[in-house]
Amino acid sequence: MKEVSTVSAPASIGPFSQGVIDDGTVYVSGQGPIDPETDEIVGESIEAQTRRTMENIDAVLTAANSSLDDIVKSTVFVRDMDDYEAINEVYETYLSDPYPARSAVEVAALPVDIGVEIEVVARVSR
């Protein structure tokens with residue numbers, strides 16, 4: 001197992017890596033709408049938060065020699081399921097057909113006061 005780390009995504013806030021590579025697969029820890037330069041939450045709207053979240057995922061994938069096109073599975077954690085459609089509209093602009101398998105779960109709280117967190121599993125580019 002190899003750790004993935006980049007300054008282009010927020011640092012981990014606990015005892016976990018931004019991502020790890022194992023046997024040709026990269027596992028990206030849950031990313032949220034945190035600006036990696038300021039460590040501040042980005043965006044008051046769920047759309048802005050989703051965009052920043054996807055950019056953070058992209059940064060970790062890039063550091064792992066992978067890309068958004070290599071995602072095979074994602075999990076979306078959302079604080080309010082009423083935001084589901086707005087999250088989908090942004091999420092869809094970052095991915096292409098065929099879309100990865102995905103789960104979406106409404107949660108009561110996240111480690112910081114954000115509306116969305118997304119984790120992904122992707123292939124490492126060969």
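**Group meeting: a sheet, two helices and a core**

Let's start with Thr53: this residue is buried, with a relative accessible area of 0%. By buried I mean under 20% relative accessible area, with exposed being over 50% and partly exposed in between, using a 1.4 Å probe and protein chains only.

Quick housekeeping. This is a predicted model, where local features need pLDDT of at least 70 and side-chain atom pairs count only at pLDDT 80 or more, while totals for chains, interfaces and linings use all residues. Residues are numbered from 1 along each chain as its sequence is written, and side-chain values use heavy atoms, with hydrogens and water left out.

Back to Thr53, which lies in helix 1. Helices here are DSSP runs of H or I with at least four residues, strands are E runs of at least two, and both are numbered from the N terminus. What does Thr53 touch, beyond its neighbours within four places in sequence? Gln31, Gly32, Pro33, Val116 and Ile118, where contact means heavy atoms within 4.5 Å.

Gln49 is found in helix 1 too. Gln49 counts as buried because its relative accessible area is 8%. Leaving out residues up to four places away in sequence, Gln49 touches Pro33, Ile41, Val42, Gly43, Glu44, Ile114, Gly115 and Val116.

Now the sheet. It's open, has six strands in the order 1-2-3-6-4-5, and the pairing is mixed; two strands pair if DSSP finds at least two bridges between them. At the edges sit strand 1 (2-4) and strand 5 (101-106), each pairing on one side only. On average, neighbouring strands are turned by 15° against each other, direction ignored. For angles, axes are lines fitted to C-alpha atoms, for helices over the stretch in contact, and values run from 0 to 180 degrees between N-to-C directions.

Strand 1 runs antiparallel to strand 2 (residues 19-22), joined by three bridges, and Val4 sits opposite Gly19 of strand 2. Over at strand 4, six of the eight residues are buried. Strand 4 is antiparallel to strand 6, through seven bridges, with Thr75 opposite Glu119 of strand 6. With strand 5, strand 4 pairs in the parallel sense over six bridges, and there Lys73 faces Ala101 of strand 5.

So where do the helices go? Helix 1 lies across strands 1, 2, 3, 4 and 6, running at about 30° to strand 6. Helix 2 packs on the sheet as well, touching strands 4, 5 and 6, and its direction makes about 150° with that of strand 5.

The two helices also meet each other: helix 1 and helix 2 pack at about 35°, with axes 9 Å apart. On the helix 1 side the contact is Ile46, Glu47, Thr50, Arg51, Met54 and Glu55, and on the helix 2 side Ala86, Ile87, Val90, Tyr91 and Tyr94.

Last, the core. A nonpolar core is a set of buried Ala, Val, Leu, Ile, Met, Phe, Trp, Tyr and Cys residues joined through side-chain atoms within 4.5 Å. Which members of the largest one touch the most other members? Val26, Ile57, Leu61, Ile71 and Ile118, out of 25 residues. Two or more residues each come from strand 3 (25-31), helix 1 (46-63), strand 4 (71-78), helix 2 (84-94) and strand 6 (116-123). Helix 1 gives the most, with six residues. Apart from this core lies another, of five residues, including Ile34, Val107, Leu110 and Ile114.
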